[in-house]
Amino acid sequence: MSDILSTTKGAHLGYVRQTFLDPQPAPKSSSTAVAWIRDNLFSSVSNSILSVLALAFILYYLPGVIDWLFVSAQWTGMDRTACATAVQGGVRPDGWSGACWAYVGDRFQQFMIGSYPRPEAWRPYLVAALFVVLLVPMLMPSVPRKGLNAILLLVVLPIVAYVLLLGGVFGLSHVETALWGGLMVTLIISFVGIAVSLPVGVLLALGRRSNMPIVKTFCILFIEFIRGVPLITVLFMASVLLPLFMEPGDTIDKFLRALVGVSIFASAYMAEVIRGGLQAIPKGQYEGADSLGLNYFHKMSFVILPQAIKLVIPGIVNTFIGMFKDTSLVSIISMFDLLGVVKNSFSDAAWLTPVTPMTGLIFAGFVFWIFCFGMSRYSSFIERRLDKGHKR
């Protein structure tokens with residue numbers, strides 16, 4: 001028996017190295033730029049072909065784009081002669097001109113606040129500064145006192161902004177909403193739509209999954225009706241049809257109608273996003289909350305909704321981005337956001353050149369892209385921060 005154990009022990013020890021290996025060179029890091037290019041762009045024959053074609057496309061078109069946007073662009077000027085060609089009576093005898101950024105600089109304030117009276121322009125700029133001061137710490141997880149910050153941002157700031165922008169009190173001159181425009185309108189409608197659509201969407205989603213027939217039926221009818229019509233129709237109904245149901249002489253501010261229409265439309269879509277998150281929660285979570293003796297409010301507030309919202313963060317932000325871009329549709333009720341103001345400026349004879357419309361649209365598109373890209377990146381940051389239980 002001892003001979004068998006010795007033989008078995010010796011056989012096992014035969015697999016154990018008795019000496020150390022010679023030092024080997026360190027492996028190439030996969031985080032270098034060359035390794036990233038090799039793994040992502042040239043990992044196979046098909047990827048290599050597509051990468052070469054994409055690179056050739058970029059090299060062919062990018063120099064011309066850069067030249068038009070920056071090199072040959074006109075950055076200063078007081079009127080159309082700065083960007084017009086010689087045929088149009090301008091200063092460019094070569095018959096070609098780049099982007100007319102002088103036009104954007106001259107109309108920049110109009111693009112920001114529309115026809116808001118220039119002596120009172122400090123009011124929307126002050127509101128914008130307060131918005132940034134309150135929003136930045138709200139988006140930073142490490143900053144304390146989130147409750148106070150949320151109250152200041154979502155409750156106090158709208159009241160202050162309403163008083164400052166509309167005026168009529170505290171010695172401030174009254175400014176009609178018909179004079180509002182530009183990026184100011186885009187941000188106000190987006191902010192109100194986001195602040196209203198998320199809580200209302202949560203309530204509609206919970207109502208649609210409710211066991212109470214009346215509540216469930218109302219939520220289903222509301223969601224399906226709003227989702228079944230385009231936003232233009234909702235805004236048209238709010239602008240044209242709503243006054244028909246009011247007493248003669250009564251009216252509702254046109255800008256308020258736009259706020260209500262966009263908020264209602266976004267709430268219906270948000271409700272379906274939240275409902276998708278609620279349906280993704282395992283049944284055991286509901287049963288576990290019930291076993292703890294939690295009532296419906298506590299169960300949804302502390303157990304179900306936090307998990308559901310975390311799951312659908314991409315869908316929520318996607319709805320916000322779509323709503324931010326859809327603010328351009330308020331032109332149907334004669335309200336002009338950033339894109340509407342830019343397009344309206346094309347008819348200005350002082351800046352009527354072939355390159356003016358393209359420059360204005362590029363500027364508006366870039367501004368929209370900055371905000372949408374920012375929301376997208378922040379969404380990714382929040383997802384990574386909350387994804388504690390599913391690390392790759």
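**Exercise 1.** Which residues in α8 meet which residues in α14?

*Solution.* The model is predicted: local features need pLDDT of at least 70, side-chain atom pairs count only at pLDDT 80 or more, and totals for chains, interfaces and linings use all residues. Residues are numbered from 1 along each chain as its sequence is written, and side-chain values use heavy atoms, without hydrogens and water.

Step 1. Helices are DSSP runs (H or I, at least four residues), numbered from the N terminus. Contact means heavy atoms within 4.5 Å.

Step 2. From α8, the residues are Thr-186, Leu-187, Ser-190, Gly-193, Ile-194, Ser-197 and Leu-198; they meet Ile-316, Phe-320, Met-323 and Phe-324 of α14.

Step 3. Sorted by class, this contact of α8 with α14 has 7 nonpolar, 4 polar and no charged residues; Ala, Val, Leu, Ile, Met, Phe, Trp, Tyr, Cys and Pro count as nonpolar, Asp, Glu, Lys and Arg as charged, and the others, Gly among them, as polar.

**Exercise 2.** Find which cysteines form a disulfide, and place them in the chain.

*Solution.* Step 1. A disulfide is a pair of cysteine sulfur atoms within 2.5 Å. Searching the whole structure gives 1 disulfide.

Step 2. The partners are Cys-83 and Cys-100, with sulfur atoms 1.9 Å apart. The link of Cys-83 and Cys-100 is right-handed, with 75° about the S-S bond.

Step 3. Cys-83 and Cys-100 are 17 residues apart, each in the loop between α3 (45-71) and α4 (101-106).

Step 4. Both Cys-83 and Cys-100 are buried (under 20% relative accessible area, 1.4 Å probe, protein chains only).

Note on methods
Helix = DSSP H or I, 4+ residues; strand = E, 2+ residues; numbered from the N terminus. Buried < 20%, exposed > 50% of the residue type's maximum accessible area, 1.4 Å probe, protein only.
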